[in-house]
Amino acid sequence: MPQKKVAPAARPAATRRPSKPSEVRIIGGEWKRTRLAVADKPGLRPTPDRVRETLFNWLASLAGAGGGELPGWHCVDAFAGTGALGLEAASRGAANVLLCEQDAALVAQLQAAKAKLSAEAVRIERGNGVTALERTPAGSLDAVFLDPPFDSTALYEPALRAAARALRAGGSVYLEAPRRWSDEELAAFGLVGFRYLKAGAVHAHLLRPAPEGAA
């Protein structure tokens, strides 16, 4: 009886790590299309281009200046990483942008980006973003960018509390998180959801101060 040929067992597909971008680009403003290097660091997760483009369209509509500009704004990028959020704000005319980052190598990269762009409105500080917000005068900021590492869940509540205190009445907080924050959770910080989108694992929230007297 002829032997049947047995097909070789299929090899399991190799598990691929999701590729990280090696650079991100500034979407609009003075440095439009300028590319920024992205270091290969654990937990470093630059906000995707599409999400940043949508976010800054939201912010520009609130600024009401036309052309996607944020003229005269005061901003803090509390977990700066690549600096893509804060540098985008500076590119669009923000008067003062603080980039706060704890990692020394990333701080050096931010300093190099600032020098490359001649970004006079940008300040870079090595340290804790929550502490930087807590030092900021109450009611002084137009925008706060909160994009902590997704596994640093303990940072979210103190960061939101400090951001809400530092925000002016018409200001905005951008929150990027691994899940959607509910209205009830945000109300504890005196914030309300204004815009929201989900892109892959990213939950992007634009938050504003709750109206006076809101429960």
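Strands here are DSSP runs of E, at least two residues long, numbered from the N terminus, and with that in mind I would like to take you to strand β6, residues 141-146, where Asp142 lies. Please keep in mind throughout that this is a predicted model.

Let me begin with the surroundings of the strand. Six of the six residues of β6 are buried, so the strand is largely enclosed by the rest of the structure. On one side of the pairing list we have strand β3, residues 74-77, which pairs with β6 in the parallel sense over three bridges, and within that pairing Asp77 has Phe145 of β6 as its bridge partner. Strand β7, residues 167-177, also runs parallel to β6, and five bridges join the two; here Ala143 stands opposite Ser172 of β7. Between β6 and β7 we should also consider helix α5, residues 156-166, since these three elements make a right-handed β-α-β unit.

Now to Asp142 itself. Is this residue buried or exposed? With a relative accessible area of 9%, Asp142 falls under the 20% cut-off and is therefore buried. Its side chain nevertheless has polar partners: a polar atom of the Asp142 side chain lies 2.8 Å from the backbone nitrogen of His74, and the side chains of Asp142 and Arg168 are joined by a polar contact of 2.3 Å. Leaving aside residues up to four places away in sequence, Asp142 touches Gly72, Trp73 and His74, as well as Leu167, Arg168, Gly171 and Ser172.

Key: Residues are numbered from 1 along each chain as its sequence is written. This is a predicted model: local features need pLDDT of at least 70, side-chain atom pairs count only at pLDDT 80 or more; totals for chains, interfaces and linings use all residues. Side-chain values use heavy atoms; hydrogens and water are left out. Helices (H or I, at least four residues) and strands (E, at least two) are DSSP runs, numbered from the N terminus. Buried means under 20% relative accessible area, exposed over 50%, partly exposed in between (1.4 Å probe, protein chains only). A polar contact is a pair of N or O atoms within 3.5 Å; within protein, one must be able to donate a hydrogen and the other to accept it, and residues adjacent in sequence count only if both atoms are side-chain atoms. Contact means heavy atoms within 4.5 Å. Two strands pair if DSSP finds at least two bridges between them. A crossover is right-handed if, with the strands pointing away from the viewer, the path from the first strand over the helix to the second runs clockwise.
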